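Work through the exercises below on salt bridges. Try each task before reading its solution.

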Amino acid sequence: MNRDYTYLTSTRTLCPVCRSVVDGKIVHDDHGVLVLRRCPDHGVFKELLESDLSYHLKKSEYDKPGATSTCQTDVSRGCPFDCGLCPEHD
């Protein structure tokens with residue numbers, strides 16, 4: 001099947017309607033770098049992350065492994081509901 005985008009990577013993201021955690025794809029097309037997500041209850045959503053592919057790819061050079069941080073919250077319901085620096089965040 002031909003797609004009108006190039007797949008870059010996968011991610012976990014949120015349905016913008018119900019805030020359920022859903023799988024997402026980071027892709028590139030004529031509009032820029034997008035996140036595509038599908039909620040079983042609310043359908044497909046497409047959101048622009050970055051208009052410039054080269055800039056998006058260049059940013060990854062500054063990624064670093066996670067580091068221990070001071071926890072500010074406890075894990076109760078899990079991401080994204082326990083906002084703050086919980087033990088799940090690097």
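**Exercise 1.** Count the salt bridges.

Solution. Apply the rule: a side-chain nitrogen of Lys or Arg lies within 4 Å of a carboxyl oxygen of Asp or Glu. The count comes to three. The model is predicted: local features need pLDDT of at least 70, side-chain atom pairs count only at pLDDT 80 or more, and totals for chains, interfaces and linings use all residues. Residues are numbered from 1 along each chain as its sequence is written, and side-chain values use heavy atoms, with hydrogens and water left out.

**Exercise 2.** Find the partner of Asp23 and place both residues.

Solution. Start with the contact. Asp23 pairs with Arg12, and their closest N and O atoms are 2.5 Å apart. Next, place them. Asp23 sits in strand E2 (residues 21–29) and Arg12 in strand E1 (residues 6–14). Strands are DSSP runs of at least two residues, numbered from the N terminus. The pair links distant parts of the chain, 11 residues apart. Finally, check exposure. Both Asp23 and Arg12 are exposed (over 50% relative accessible area; buried is under 20%, partly exposed in between; 1.4 Å probe, protein chains only).

**Exercise 3.** Describe the salt bridge between Glu47 and Arg37.

Solution. The N to O distance is 2.2 Å. Glu47 belongs to strand E4 (residues 43–50), Arg37 to strand E3 (residues 32–39). They are 10 residues apart. Now classify each one. Glu47 has 39% relative accessibility, so it is partly exposed. Arg37 has 10%, so it is buried.

**Exercise 4.** Classify Lys58 and its partner Glu61.

Solution. Their closest N and O atoms are 3.3 Å apart. Lys58 is partly exposed because its relative accessibility is 42%. Glu61 reaches 53%, so it is exposed.

Terms used. Helix = DSSP H or I, 4+ residues; strand = E, 2+ residues; numbered from the N terminus.
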